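Visitor: Please show me the chain, and then I will ask about its parts.

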Amino acid sequence: MLALTALALAGCGFSPLYAERNDVFVTGELAMLDVAAPENELGREIKFSLLDILSSSGNPPANPAYRVELAPRIYEEDVAIERDADVTRKNLVLIVPFRMIDTATKKPVLTSTSRSRSSYNRVNSEFANITASQDARTRITKTTANDIKLQLSIYFDRRARAGG
């Protein structure tokens with residue numbers, strides 16, 4: 001059954017995203033990225049989350065082939081509002097427009113946006129609210145970093161398939 005499934009997938013053009021193509025590894029290309037973000041808490045959080053999943057060392061390469069520039073924005077939305085105006089549930093929304101610049105030509109080769117949303121309950125304890133908000137922020141930061149990695153991986157995979 002497994003062999004039949006593999007044949008069916010191969011026939012429709014399916015191939016693994018992180019496979020070797022034309023001596024170019026998608027993961028190797030991802031490891032050659034530098035990440036630039038605003039010098040604030042949110043910018044650093046996204047930058048280092050992304051660097052952690054792009055490279056096994058978690059550090060930018062000495063001579064990056066590309067630079068990914070991030071422009072994150074975060075905001076909260078009140079979701080559940082009681083009659084006495086107490087907010088009992090909030091959404092945290094993270095929007096990260098980004099572009100990948102070829103460091104040799106200084107030209108953008110990919111422009112996209114990643115979006116993530118998480119919710120948390122508000123309760124009477126302010127400490128619990130702060131903790132829940134921080135947890136939601138950590139979740140959407142990691143989710144956004146993974147989404148950006150996926151978008152970059154698809155770009156490199158398509159480029160490898162095209163032979164360039």
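What follows is a set of questions and answers on this structure.

Guide: This is a predicted model, in which local features need pLDDT of at least 70, side-chain atom pairs count only at pLDDT 80 or more, and totals for chains, interfaces and linings use all residues. Residues are numbered from 1 along each chain as its sequence is written, and side-chain values use heavy atoms, with hydrogens and water left out.

Visitor: What is the mean pLDDT of the chain, and which element has the lowest mean?

Guide: pLDDT is the predictor's confidence in each residue, from 0 to 100. In this chain 78% of the residues reach 70 or more, and the mean is 82. Strand E4 has the highest mean among the elements, 95, and the lowest, 46, belongs to strand E1 (residues 20-21).

Visitor: How many contacts does the stretch with pLDDT below 50 have beyond near neighbours in sequence?

Guide: A contact means heavy atoms within 4.5 Å. The stretch is residues 18-24, and its number of contacts in the model beyond near neighbours in sequence is 15.

Visitor: In what pattern do the helices and strands follow one another?

Guide: Helices (H or I, at least four residues) and strands (E, at least two) are DSSP runs, numbered from the N terminus. The chain has four helices and seven strands. Read along the sequence, the pattern is α-β-β-α-β-α-β-β-β-β-α.

Visitor: What share of the chain is buried?

Guide: Buried means under 20% relative accessible area, exposed over 50%, and partly exposed in between, with a 1.4 Å probe and protein chains only. The chain has 164 residues, and the buried share is 35%.

Visitor: Which residues of E4 are buried?

Guide: In a regular strand the side chains alternate between the two faces of the sheet. E4 shows this alternation: Arg67 and Glu69 point to one face and are not buried. On the other face, the buried residues are Tyr66, Val68 and Leu70.

Visitor: Which strand pairs with E4 in the parallel sense, and which in the antiparallel sense?

Guide: Two strands pair if DSSP finds at least two bridges between them. Strand E3 (residues 33-36) runs parallel to E4 over four bridges, with Asp34 opposite Arg67. On the antiparallel side there are five bridges, and Tyr66 stands opposite Asp102. The parallel partner is therefore E3 and the antiparallel partner E6.

Visitor: Why is strand E6 described as largely enclosed?

Guide: E6 covers residues 87-102, which is 16 residues. It is largely enclosed by the rest of the structure because the number of its residues that are buried is twelve.

Visitor: Which residue takes a positive phi in the hairpin of E6 and E7?

Guide: E6 and strand E7 (residues 108-121) are antiparallel and share 13 bridges, among them the one that pairs Lys90 with Tyr120. Five residues lie between the two strands. Most residues other than glycine have a negative phi. In this loop, a residue that is exposed at 60% relative accessibility has a phi near 65 degrees: Lys106.

Visitor: Which side chain makes a polar contact with Asn91?

Guide: A polar contact is a pair of N or O atoms within 3.5 Å; within protein, one must be able to donate a hydrogen and the other to accept it, and residues adjacent in sequence count only if both atoms are side-chain atoms. Asn91 is found in E6 and is buried, with a relative accessible area of 11%. Its contacts beyond four places in sequence include Tyr75, Val79 and Arg117. At 2.3 Å, the polar partner of its side chain is Ser119.

Visitor: Which residue caps the N-terminal end of H3?

Guide: Helix H3 covers residues 41-54, and its buried residues include Leu42, Ile46 and Leu50. A side-chain oxygen of the capping residue lies 3.3 Å from the backbone nitrogen of Leu42, and that residue is Asn40.

Visitor: How far apart are the end C-alpha atoms of helix H4?

Guide: The expected span of a helix is 1.5 Å times one less than its number of residues. H4 (residues 126-161) has 36 residues, so its expected span is 52 Å. The distance in the model agrees, at 52 Å.
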